[in-house]
Amino acid sequence: MGRLVAIEGLDGAGKNTLTRAVTERLTSRGLTVTALAFPRYGTQFADLAAEALRGGNGDVAESVYGMGLLFAFDRQAAAPDIRAALAAHDVVLLDRYVASSAAYSAARLHEGADGAVAAWVRDLEFGRFGLPVPDLQVYLDVGVTLAAERARSREASDATRARDAYETDSDLQTRTGAVYTALAAAEWVSPWRVHGVHDAPQHLADEIAALS
């Protein structure tokens with residue numbers, strides 16, 4: 001059975017870039033690696049959530065718990081794929097996972113990592129839905145200003161990557177970063193590693209390779 005690693009962070013933090021770099025390093029060491037990204041745009045629940053964050057689907061986006069359910073249903077639908085990937089590979093990297101909902105939902109409600117909504121996300125997704133628990137969760141700790149600059153640059157160069165309501169709310173991003181930091185410190189659900197913007201990806205890859 002492979003090792004499951006979730007890479008978390010703000011919008012524009014560079015999760016996809018880090019995922020690619022870690023994949024390359026692990027592959028060079030002879031490990032088999034695959035990656036999945038959430039939300040899974042192009043599937044029903046992820047697309048409903050994306051539409052809501054861009055003003056569609058009535059008042060769905062106003063409900064923190066409603067949005068949490070859409071993202072949770074997306075991950076629940078992907079659970080068989082995650083388990084199949086774990087059975088076929090040494091390492092499965094996830095670009096966002098359950099902690100994203102905990103962090104953003106708590107930030108929207110001005111709660112902390114130990115608040116009611118983070119507990120609800122944990123109990124819903126790992127308890128009721130039985131999603132695979134990560135062996136390691138990584139918080140890519142990038143400042144809000146830099147992450148926002150990257151998100152704007154991505155939007156300018158790719159017409160399909162227009163920022164949504166979460167991505168354009170700098171106060172929300174700041175609060176979300178604080179919740180992520182607290183989740184990592186508390187080792188929410190499973191062990192965490194904080195990866196700084198200047199930390200070498202190979203160090204993270206080496207730590208993942210050493211997981212047993």
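Entry 1, terms and overall fold. Before looking up any loop I fixed the vocabulary: helices (H or I, at least four residues) and strands (E, at least two) are DSSP runs, numbered from the N terminus. I also noted at the outset that this is a predicted model. I then went through the secondary structure of the chain, which comes to eight helices and five strands, and wrote down their order along the sequence as β-α-β-α-α-β-α-α-β-α-α-β-α. The chain has 212 residues, of which 47% count as buried. I looked up contact range as well, and found that, of the contacts in the chain with a separation of 6 or more, 81% are accounted for by residues 24 or more positions apart.

Entry 2, valine 189 and asparagine 57. I looked for positive phi values outside glycine and noted valine 189, which is not a glycine and yet has a phi of about 75°. Valine 189 sits in the loop between helix 7 and strand 5 (192-196), and I recorded it as partly exposed because its relative accessibility is 32%, between the limits of 20% for buried and 50% for exposed. Asparagine 57 is another such residue, with a positive phi near 60°. I placed asparagine 57 in the loop between helix 2 and helix 3, and its relative accessible area of 35% makes it partly exposed.

Entry 3, a cis peptide bond. I checked omega at phenylalanine 38 and proline 39 and found a value of about -5°, so I entered the bond that joins them as cis. Proline 39 belongs to the loop between strand 2 (33-37) and helix 2.Entry 4, helix 2 against helix 3. I turned next to the packing of helix 2 (residues 44-53) on helix 3 (residues 64-88), where the angle is about 150° and the axes are 8 Å apart. That angle makes helix 2 roughly antiparallel to helix 3, the cut-off for this term being over 145 degrees. I noted the crossing of helix 2 and helix 3 as left-handed. On the side of helix 2 the contact is made by Phe45, Ala46, Leu48, Ala49, Ala52 and Leu53, and on the side of helix 3 by Met67, Leu70, Phe71, Phe73 and Asp74. Sorted by class, the residues of this contact are ten nonpolar, no polar and one charged.

Entry 5, helix 1 against helix 8. For helix 1 and helix 8 (residues 201-209) I wrote down a packing angle of about 60° and axes 9 Å apart. Helix 1 and helix 8 are therefore oblique to each other, and their crossing is right-handed. Helix 1 contributes Leu18, Ala21, Val22, Arg25 and Leu26 to the contact, while helix 8 contributes Pro201, Gln202, Leu204, Ala205, Asp206, Ile208 and Ala209. The classes in the contact of helix 1 with helix 8 are nine nonpolar, one polar and two charged residues.

Entry 6, the nonpolar cores. I looked up the largest nonpolar core, which has 45 residues, and listed those that touch the most other members: Met67, Leu94, Tyr97, Tyr180, Leu183, Trp188 and Trp192. Strand 1 (3-8), helix 2, helix 3, strand 3 (91-95), helix 4 (98-108), helix 5 (116-128) and helix 7 (170-185) are the elements that give two or more residues to this core. Helix 3 supplies the largest share of this core, ten residues. Apart from this core lies another, of 18 residues, and I marked Val5, Val22, Leu93 and Ile208 among them.

Entry 7, tryptophan 192. I followed the contacts of tryptophan 192, leaving aside its neighbours within four places in sequence, and found Glu8, Ala99, Leu136, Gln137, Val138, Tyr139, Tyr180, Leu183, Ala184 and Glu187.

Entry 8, threonine 19. Is threonine 19, in helix 1 (residues 15-28), buried or exposed? I entered threonine 19 as buried, because its relative accessible area is 5%, and buried means under 20%. Beyond its neighbours within four places in sequence, threonine 19 is in contact with Ile7, Ala35, Leu93 and Asp95.

Entry 9, glycine 130. My last look was at glycine 130, in the loop between helix 5 and strand 4 (136-141). With a relative accessible area of 31%, glycine 130 is partly exposed. I noted that its C-alpha atom is separated by 8.2 Å from that of glutamine 76, although glycine 130 and glutamine 76 are 54 residues apart along the chain. Not counting residues up to four places away in sequence, glycine 130 touches Arg83 and Glu125.

Note on methods. Residues are numbered from 1 along each chain as its sequence is written. This is a predicted model: local features need pLDDT of at least 70, side-chain atom pairs count only at pLDDT 80 or more; totals for chains, interfaces and linings use all residues. Side-chain values use heavy atoms; hydrogens and water are left out. Buried means under 20% relative accessible area, exposed over 50%, partly exposed in between (1.4 Å probe, protein chains only). Contact means heavy atoms within 4.5 Å. Axes are lines fitted to C-alpha atoms, for helices over the stretch in contact, and angles run from 0 to 180 degrees between N-to-C directions. Angles under 35 degrees count as roughly parallel, over 145 as roughly antiparallel, 65 to 115 as roughly perpendicular and the rest as oblique. A crossing is left-handed if the near helix is turned anticlockwise from the far one by less than a right angle, and right-handed if clockwise. Ala, Val, Leu, Ile, Met, Phe, Trp, Tyr, Cys and Pro count as nonpolar, Asp, Glu, Lys and Arg as charged, and the others, Gly among them, as polar. A nonpolar core is a set of buried Ala, Val, Leu, Ile, Met, Phe, Trp, Tyr and Cys residues joined through side-chain atoms within 4.5 Å.
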